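The following exercises are to be worked with the sequence and the coordinates at hand. Each task is followed by a solution in steps.

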Protein chains: 4
Amino acid sequence: MNDPSADRGRMLIYCPDRRGVVAAVSAFLFQRSGNLLDMDQHTDPTEGRFFMRVEFELPSLPERLPALEKEFAQLASEFSMTWRMTLAQPRKRVAIFVSKQDHCLTELLWRWKAGELRAEVPLVISNHEDLRGTVESYGIRFEHVPCTAATRDAAEARQSELLGTGVDLIILARYMQILSPGFVARWPERIINIHHSFLPAFAGANPYAQAYQRGVKLIGATAHYVTGELDAGPIIDQGVERVGHRDDVEDLKRIGRHIERVVLARAVAWHLEDRVLVHANRTVVFT
Amino acid sequence: MNDPSADRGRMLIYCPDRRGVVAAVSAFLFQRSGNLLDMDQHTDPTEGRFFMRVEFELPSLPERLPALEKEFAQLASEFSMTWRMTLAQPRKRVAIFVSKQDHCLTELLWRWKAGELRAEVPLVISNHEDLRGTVESYGIRFEHVPCTAATRDAAEARQSELLGTGVDLIILARYMQILSPGFVARWPERIINIHHSFLPAFAGANPYAQAYQRGVKLIGATAHYVTGELDAGPIIDQGVERVGHRDDVEDLKRIGRHIERVVLARAVAWHLEDRVLVHANRTVVFT
Amino acid sequence: MNDPSADRGRMLIYCPDRRGVVAAVSAFLFQRSGNLLDMDQHTDPTEGRFFMRVEFELPSLPERLPALEKEFAQLASEFSMTWRMTLAQPRKRVAIFVSKQDHCLTELLWRWKAGELRAEVPLVISNHEDLRGTVESYGIRFEHVPCTAATRDAAEARQSELLGTGVDLIILARYMQILSPGFVARWPERIINIHHSFLPAFAGANPYAQAYQRGVKLIGATAHYVTGELDAGPIIDQGVERVGHRDDVEDLKRIGRHIERVVLARAVAWHLEDRVLVHANRTVVFT
Amino acid sequence: MNDPSADRGRMLIYCPDRRGVVAAVSAFLFQRSGNLLDMDQHTDPTEGRFFMRVEFELPSLPERLPALEKEFAQLASEFSMTWRMTLAQPRKRVAIFVSKQDHCLTELLWRWKAGELRAEVPLVISNHEDLRGTVESYGIRFEHVPCTAATRDAAEARQSELLGTGVDLIILARYMQILSPGFVARWPERIINIHHSFLPAFAGANPYAQAYQRGVKLIGATAHYVTGELDAGPIIDQGVERVGHRDDVEDLKRIGRHIERVVLARAVAWHLEDRVLVHANRTVVFT
């Protein structure tokens, strides 16, 4: 559970399938004294697509990264790759948006404190004051930015100011406001939301009431990247639990809370470890 | 795993909540020398509804049933009950409708032969000849009734003739035709279908292709009673399995088949044991 | 999610199977103006045993309870019942024992604060100071009682003094000490422990290391009542998660922590709602 | 669901961790015109072990395999590899041993007929005649080899004669006899057994009765390679289902049967696809 070494790096690669990609990438790293720690590669023969995640160690990686990226760009161009190379250290910087409900927030902060979520959490933003105490008890800065449909523009301006340039990921931990398309567009594949249903079932408002009304026997939650279209972004993870006739809408909410916090925490951990690759509004999750 | 005794009976009761229902029902049975074996009762305080299932033994039940029903009707009327009283023996008579796929059919027949599905299976009807051999190897009658959109009326007339009056339940074990509203109306809460998705997600055709396209992380199946509205009847059971980026549409179909056969077989077993009560397009399943 | 009314009561009944038990019990309550809210009854025909849980409302129950118990004792004697009648209010009083790990404690306190665990928590006792801050941030009294094998007698004397007579249940939330048989004997079916394996596999110390060594594909946790024999008390609940070759012992511990906290919290909730009946070192859990 | 092409091959590699293994292997294949389809590699940093599975296509692989193996042996020696290179075609040849229970056998044969288990099944051997009809209805040879403790040597001699040299894998599909150490030693990592409990809990006889006695809340099944020590071989897969107080020993057996057939079929599929690598009595399963 120790933090990975400073020389640990990761690559996520997507390209049209062609012979020799793995050989080229592994030779590239080997020739630069890299050691592969974990490689997961998959070719989709039907659609002719190639996906790969590599975790490696390479001496003095932080200093050499810019040069490596430049050199790799040539190879990448040859194979028409979409790719990124990241450092496992320093940790990614995460801002959490919440409203009044604390279950997802508490789960994230507990896992963060336990060393399971390897991130920095410089900031929690809420449209309510309710969770200030919880957040500050973890030594984390809490900012109250009131937000209604009418004041959304001003609120988002303030949020953007607070986020500045030092944040890598925004987590919507049951933040009950809809972000503007403009805001979302500035954070592509960098906003994770937890929707309280098994999408695409019960998109939109009050999914538990919808689920109760339909009489489903399993309820779920879905963690996804936020895109311009509501509840339609790439799905990262989903979970379900069995429910029965003894469970009323309040019980579904209670059971749902436990699914939500597990699913969101898992999706966030995968993102932080560069395990998620988005292609055609779907995710490839290397686990 | 022995069949229950001939004196075993069951009651399913729904009524507005009122004090004294359990006392009245249990006294009714006790005064007639009945012994309660399993009672499951639930009151929904929000909506003021009372649900109960009772399994009991009562000497000479088969002979006494008509009289008992008549006596119970008085008590039922007093409490505004919707109710039914059934014998655990003889076994219910089930007809299975199939097309070309055998996985649900084989599962049902294997469980039937193993003594897990306590039913008689006098008849399998198919719009194709493919599964005749499988069905007849179990000693069960197979009838081929070709059916297209154009010939549905004639086909349903023939099906009704074959079913006659001696069938209690129709199972659509991946029968790929849509039944007419008129046919469905004659079998209220007596047709069980398996839909190959986690309803209400991906209703209609090609749910696995839809699921692949949306990039879901769990796929499912749903067993439900058939009503006039396609894929919208009361849900009896649902199941899901995790899928990933290595799974293409064919893999989803393969994984889905295993979910379908388990979910359908479980729903059918619950129906055969009189565990399912329908109210307001939802089921109460006493398990 | 509101607390039940003051007039809500529960009965747990075990007796040899005999005709008329349900009728007798429901008539008993009905004649005293009780209303049955939830009744779950099961007869084990093989071993001839009868189990029942009843949840009911009865006017002025708190005042009438002593008289009711006296009256019911006659009926109970007639049927050779083992039974108890409890009030849903006031909440049960729970003491939590912990060592240094906070995951089970935090889960319990979060659920308690969220209104999901309907209990009073007057006291947390630990053999270490580490979790004082966490506990006190919830406004709960924290007592440090150092304990080693050598000082166990003195420690247990101090613990007993702190518990006094006002505690209904002790939860061992990863309390890493073994309680003496004498201490355990004073709290029959009133101490719940979480063992970090799928019992009876890997009883004793270091279960995750044992599980890793054996190469199991699922790891688990077990909540059980504590008896004089280590890790052998009646099991209340168990859970498992899938693990793989990428998981080392530290990963198993991390994954196991999440199973432990869910399983322990669920078992405690069932106990608090009087859903657990112990017979022949096994539990009947009415859910 | 089509069979893989004749030029499809697989490699399973285990060696002490050293820089450059992936680069060497992928270059080896690339230089011989191989195309990597699926590569899954993992380094265990704690124990310094390297594991890899590669699925690839290489022109004229069947003809070139012996030469390739010879060439690869040099590279393997350099890295101290334990390894094997296999053809995805032709299918592996499987013999199934059964006694009287048909659930595991039927599941395997159904999946085989459905194209999910890519194997040839030349032979089923049983110590009873009961399942001859089932087996022969699939067009598969059935051989009755009576076997008791007293006649085991003769029986195993006859079994070995029937197996000859043309079988790659033996599946014990609820074969209720214990094989001799000598027999087992001739089939290292080539006999898969299904044990009807969640090992290591309830090894030995009557695991469901043991589970009932202990009052567990989940029951399970374990597929493992057979070794000289009973129920102690490397675990390939495990599964569990929830059980409750309404389930008696017969119910546990019934529920268990469904776990057994799923777990065994999954383990067999993984073996057939060369996804299982054994090291230190544990398996690495590349899924």
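## Exercise 1. Aromatic rings and charges

Task: Identify the aromatic cluster that A:Phe28 belongs to.

Solution. The model is predicted. A:Phe28 forms one aromatic cluster together with A:Phe72 and A:Trp83. Over all chains, a search of the whole structure finds 22 aromatic pairs.

Next come the charges that sit over rings. In chain B, the charged end of B:Arg32 sits over the ring of B:Phe28, 3.7 Å from its centre. A second case links two chains: the charged end of B:Arg261 sits over the ring of D:Trp110, at 4.6 Å from the ring centre. The cut-off for such a pair is 6 Å from the ring centre, and the distances of 3.7 Å and 4.6 Å can be checked against that value.

## Exercise 2. Confidence

Task: State what mean pLDDT chain A has and which ipTM and pTM the predictor gives the complex.

Solution. For chain A the mean pLDDT is 94, and 99% of the residues of chain A reach 70 or more. For the complex, the predictor gives an ipTM of 0.92 and a pTM of 0.95.

## Exercise 3. The contact of chain B with chain A

Task: Describe the contact between chain B and chain A by residues, area and polar pairs, and name the element of chain B that gives the most to it.

Solution. Begin with the residues: 40 from chain B and 40 from chain A take part in the contact. The two chains bury about 3,200 Å² between them, with 50% of this area given by carbon and sulfur atoms. On the side of chain B, 22% of the area buried against chain A is supplied by B:Arg214, B:Lys217 and B:His245, more than by any other three residues.

Then turn to the charged and polar pairs. There are 4 salt bridges between chain B and chain A. In a salt bridge, the side chain of B:Arg242 meets that of A:Asp237 at 3.0 Å, N to O. Residue pairs in polar contact across this interface, both at pLDDT 80 or more, number 24.

Finally, assign the elements. Those of chain B that give two or more residues to the side touching chain A are E2, helix H7 (207-214), strand E11 (235-242), helix H8 (249-272) and strand E13 (282-285). E11(B) gives the most, with 7 residues.

## Exercise 4. The contact of chain B with chain C

Task: Carry out the analysis for chain B and chain C, and state how many salt bridges the rule finds.

Solution. Here 20 residues of chain B are in contact with 20 residues of chain C. The area buried between these chains is about 1,700 Å², 47% of it on carbon and sulfur atoms. The rule finds 0 salt bridges across this interface, while 15 residue pairs are in polar contact, both at pLDDT 80 or more. Helix H1 (21-31) and strand E2 (35-44) of chain B are the elements that give two or more residues to the side touching chain C. E2(B) gives the most to that side, with 9 residues.

## Exercise 5. Backbone geometry in loops

Task: Locate B:Pro90, D:Pro200 and A:Asp274 among the elements of their chains.

Solution. B:Pro90 is in the loop between strand E4 (82-87) and strand E5 (92-98) of chain B; the peptide bond to it from B:Gln89 is cis, with omega near -5°. D:Pro200 lies between strand E9 (191-195) and helix H7 (207-214) of chain D, in a loop. The peptide bond from D:Leu199 to D:Pro200 is cis, with omega near 5°.

A:Asp274 is in the loop between helix H8 (249-272) and strand E12 (276-279) of chain A. Its phi is near 55°, a positive value in a residue other than glycine.

Definitions and conventions:
Residues numbered from 1 in each chain as written. Chains lettered and ligands numbered in written order. Heavy atoms only, no water. pLDDT = per-residue confidence, 0-100. Phe/Tyr/Trp six-rings, centres within 6.5 Å; stacked < 30°, edge-to-face > 60°. Lys NZ or Arg CZ within 6 Å of the ring centre and 35° of its normal. Contact = heavy atoms within 4.5 Å. Buried area = accessible area lost by both parts, 1.4 Å probe. Polar contact = N/O pair within 3.5 Å; in protein donor to acceptor, adjacent residues only side chain to side chain. Helix = DSSP H or I, 4+ residues; strand = E, 2+ residues; numbered from the N terminus.
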